[in-house]
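Subject: Structure for you to look at

Hello,

Here is the structure I said I would pass on. My notes on it follow below.

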Amino acid sequence: MKVALLEQPGDETAFKIKIKDIPIPTPGKDQVVIRLEYSGINYIDTTMRAGKLPGTSFPIVLGCEGAGAVHKVGEGVTDLAVGDPVVVYAFGTYGEYLLTDSWRVFKLDKTSTKIAAATLINACTAQFLVHEVFQIKEGGIVIGTVSSQDKIQVAQAFVAELTNGQGAEAVFDAVGGPLLDVNLSLIKPGGVLVNYGSLGGPLDVDEAKVTAQQVGKDFKRVGLGVTITNRELMLPIYKPVKDYMDSGKAVVNIYREYSLEEIGQAHLDLVSRGTTGKLLVRLAGTG
Ligand SMILES: NC(=O)c1ccc[n+]([C@@H]2O[C@H](COP(=O)([O-])OP(=O)(O)OC[C@H]3O[C@@H](n4cnc5c(N)ncnc54)[C@H](OP(=O)(O)O)[C@@H]3O)[C@@H](O)[C@H]2O)c1
């Protein structure tokens with residue numbers, strides 16, 4: 001089987017991926033092997049590729065979500081059978097086959113592997129943020145991120161207008177460092193800043209907590225990967241996402257499908273911020 005192996009960290013321009021042919025793994029107890037059709041590409045892949053996620057060791061096969069069909073099941077796996085279409089939430093999806101723990105694998109019925117691979121992490125993150133981390137109440141208003149200085153003032157005025165000058169109850173932030181003060185200024189006293197990404201630059205979590213406390217607000221740094229460590233925790237998040245995907249109402253904008261050999265280009269495209277929609281790796285078994 002082919003995998004995209006990254007031998008050492010590097011920036012996207014120096015990103016030399018090696019396509020390696022290795023034997024298809026054999027599942028052990030409570031494990032399965034998935035024949036992947038699509039892998040999603042996420043920002044976290046670029047962070048790991050750059051060696052900026054603590055604990056990442058090299059060589060590594062990147063990628064943390066994918067979809068395909070069950071190829072082999074290990075001892076003790078009773079809810080999955082060879083050939084079942086599945087979506088998987090696990091590291092190592094930039095390859096044709098993936099060996100993983102069965103709790104990370106979810107059977108698909110109405111949703112295609114392409115839509116599932118393009119939806120899983122983004123939708124589960126949104127579900128996690130607004131239901132588990134800070135529950136948005138019926139009628140709550142969600143306001144998105146802006147990416148330039150001149151738009152900040154517009155956003156501030158908009159939040160003030162929508163909240164009658166009180167500020168928002170919560171801000172969900174994926175930009176991090178440079179927006180700390182602006183984000184805190186948008187939140188009402190006692191409200192919470194939830195940070196889940198550092199697209200704009202590193203954020204010192206301890207410092208952010210202290211800064212937030214000084215202005216009477218709360219700060220939380222959260223992550224799906226570090227929180228969701230078993231199936232029991234994943235199911236309440238995945239179930240509504242699955243229902244949403246199966247409803248056919250999900251609008252999924254796929255920016256481009258890349259081959260394994262084109263992953264360097266895909267990372268370059270993602271971090272260049274010229275993309276709109278989901279980037280996918282197309283793997284074996286797809287037309
Ligand atoms: N903690 C978790 O569990 C978790 C899970 C999923 C994602 N994440 C993180 O969340 C972040 C967003 O991921 P995503 O999949 O939602 O990405 P996405 O769909 O590509 O959206 C990124 C958004 O952030 C904006 N942006 C990018 N770089 C920026 C910068 N330097 N300053 C201000 N805005 C910037 C983009 O604006 P433009 O369109 O103008 O570029 C775009 O609106 C990433 O850091 C990712 O690692 C965390």
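The chain has eight helices and 13 strands; helices (H or I, at least four residues) and strands (E, at least two) are DSSP runs, numbered from the N terminus. This is a predicted model, in which local features need pLDDT of at least 70 and side-chain atom pairs count only at pLDDT 80 or more, while totals for chains, interfaces and linings use all residues. Residue numbers start from 1 along each chain as its sequence is written.

The domain assignment (bounds from an automatic or database assignment) gives domain 1 (2-110 + 248-282) and domain 2 (128-224). The C-alpha centres of domain 1 and domain 2 are 31 Å apart.

Of the 287 residues in the chain, 34% are buried, meaning that 20 or more other C-beta atoms, placed from the backbone, lie within 10 Å of the residue's own.

One open sheet has three strands in the order 9-10-11, with parallel pairing; two strands pair if DSSP finds at least two bridges between them. Its edge strands, each pairing on one side only, are strand 9 (168-173) and strand 11 (218-221). Strand 10 (residues 187-195) pairs with strand 11 over four bridges in the parallel sense. Val192 has Asp218 in strand 11 as its bridge partner.

Helix 5 (residues 205-214) packs on this sheet and touches strand 10 and strand 11; contact means C-beta atoms, placed from the backbone, within 7 Å. The direction of helix 5 makes about 160° with that of strand 11, where axes are lines fitted to C-alpha atoms, for helices over the stretch in contact, and angles run from 0 to 180 degrees between N-to-C directions.

Regards

Key:
Two residues are in contact if their C-beta atoms, placed from the backbone, lie within 7 Å. A residue is buried if 20 or more other C-beta atoms lie within 10 Å of its own, exposed if 12 or fewer, and partly exposed in between; C-beta atoms are placed from the backbone.
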